[in-house]
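Let's take a walk through this protein together. Have the sequence and the 3D view ready, and follow along as we go.

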Amino acid sequence: MGIDLKKMKSKLNALQNKGGSKTAFWSPKEGQTYSLRVVPTTDGDPFKELFFHYKVGGKTVLCPKKNFNDDCPVCNFASQLWRDGVANEDKGSQKMAKELFPKQRFMSPVLVRGEESKGVQVWEYGKRAYETMIGLVLNPEYGDITDPQDGLDLVIDYTKPPAGAKDQFPETKITPRRKSSPLCDPSYGGAAKCKELLDTIPDFSTLYPRQSTQEVQKILDAALSSDD
């Protein structure tokens, strides 16, 4: 039996979609409305949760403690900075500590309608969007919204908050479609195309590099010793 070229192409696409390539990520533009489908993953959890330290010497670092239960030098430093700031009534130290504390982010593999040619992309979103989608999954009226045959597309409205609102960040409104639909309809290759897409879901374990406690300590030391 000869080589299955379609499978080989899928493997190549999978490799090209790994490793944190920026082209694998999708984000909505303010004031736009989108339709997308959350794509199922082999582990049964397409709603990934990660914790990051931002602005550590200009770098973004996966938190070893929150993500992997390892010792985290940045957490230790930020906690000590916070305690010292409180004890000395130093607002500057408290502000810096808050900036260094780990921030929770969520992400999912999605197929954006109208952008199917880009394949499966990764959507990174906030806590409210996460809670909304988990609520839909747990609602028996909707069932498994990621099912390749009978799932639901989601309408995403990404808009500015009303004037005077306390939170000035754009709001993400998520509304499920009324009717279920296949992930790939016949006009887009049907079941064969779906299988190809599912084989090219980015590996979330490789999207962001995991660093050891020692490596994170070096990043922190470099940031603290910098003149900037």
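Is Asp-153 buried or exposed? Before we settle that, keep in mind that this is a predicted model, so a word on confidence comes a bit later.

Asp-153 turns out to be buried, because its relative accessible area is 9%, and buried means under 20%. You can find Asp-153 in the loop between α5 and β7. Its side chain meets the side chain of Arg-113 in a polar contact of 2.8 Å. Not counting neighbours within four places in sequence, Asp-153 is also in contact with several other residues, among them Ser-35, Leu-36, Arg-37, Thr-175 and Ser-181.

**The whole chain**

Now zoom out. The protein chain has eight helices and eight strands. Of its 228 residues, 37% are buried. The chain exposes about 14,000 Å², and carbon and sulfur atoms supply 51% of that area. Take the contacts between residues at least 6 apart in sequence: 63% of them join residues at least 24 apart.

How sure is the predictor? The average pLDDT for the chain is 85, and 85% of the residues score at least 70. Residues 14-23 are another story, since pLDDT stays under 50 there. For that stretch the model has 13 contacts beyond four places in sequence. Where pLDDT is low, the predicted coordinates should not be read in detail.

**How the strands pair up**

Here are four strand pairs you can trace on the screen, each with one pair of residues to look for.

| Strand pair | Direction | Bridges | Residues to find |
|---|---|---|---|
| β2 (residues 32-38) and β7 (residues 154-159) | antiparallel | five | Ser-35 and Val-155 |
| β7 and β8 (residues 171-176) | antiparallel | six | Thr-159 and Glu-171 |
| β3 (residues 48-56) and β5 (residues 103-112) | antiparallel | five | Phe-52 and Lys-103 |
| β3 and β4 (residues 59-62) | antiparallel | three | His-53 and Val-61 |

Notice that β7 pairs with β2 and also with β8. In a similar way, β3 has β5 as a partner as well as β4. What do β3 and β4 form? They make a hairpin, with two residues between the strands. Look in the turn for Gly-57, which has a positive phi of about 60 degrees.

**The nonpolar cores**

In soluble globular proteins, nonpolar side chains tend to be buried together. So what does that look like here? The largest nonpolar core has 19 residues. Those with the most contacts inside it are Leu-36, Trp-123, Tyr-125, Met-133, Leu-154 and Ile-174. The elements that give two or more residues to this core are β2, β5, β6 (121-125), α5 (127-138) and β7. Of these, α5 gives the most, with four residues.

Trp-123 is a nice residue to click on. Leaving aside neighbours within four places in sequence, its contacts include Trp-26, Pro-28, Leu-36, Phe-106, Met-133, Ile-156 and Ile-174. The list also takes in Ser-108 and Thr-172.

There is a second, separate core too, made of twelve residues. Val-61, Cys-72, Leu-100 and Ile-219 are among them. You have already met Val-61: that residue stands opposite His-53, in β4.

Key: Residues numbered from 1 in each chain as written. Predicted model: local features only at pLDDT ≥ 70, side-chain atom pairs only at ≥ 80, totals over all residues. Heavy atoms only, no water. pLDDT = per-residue confidence, 0-100. Contact = heavy atoms within 4.5 Å. Pairing = 2+ DSSP bridges. Core = buried A, V, L, I, M, F, W, Y, C linked by side-chain atoms within 4.5 Å. Buried < 20%, exposed > 50% of the residue type's maximum accessible area, 1.4 Å probe, protein only. Polar contact = N/O pair within 3.5 Å; in protein donor to acceptor, adjacent residues only side chain to side chain. Areas by Shrake-Rupley, 256 points an atom, 1.4 Å probe, with all protein chains shown as cover.
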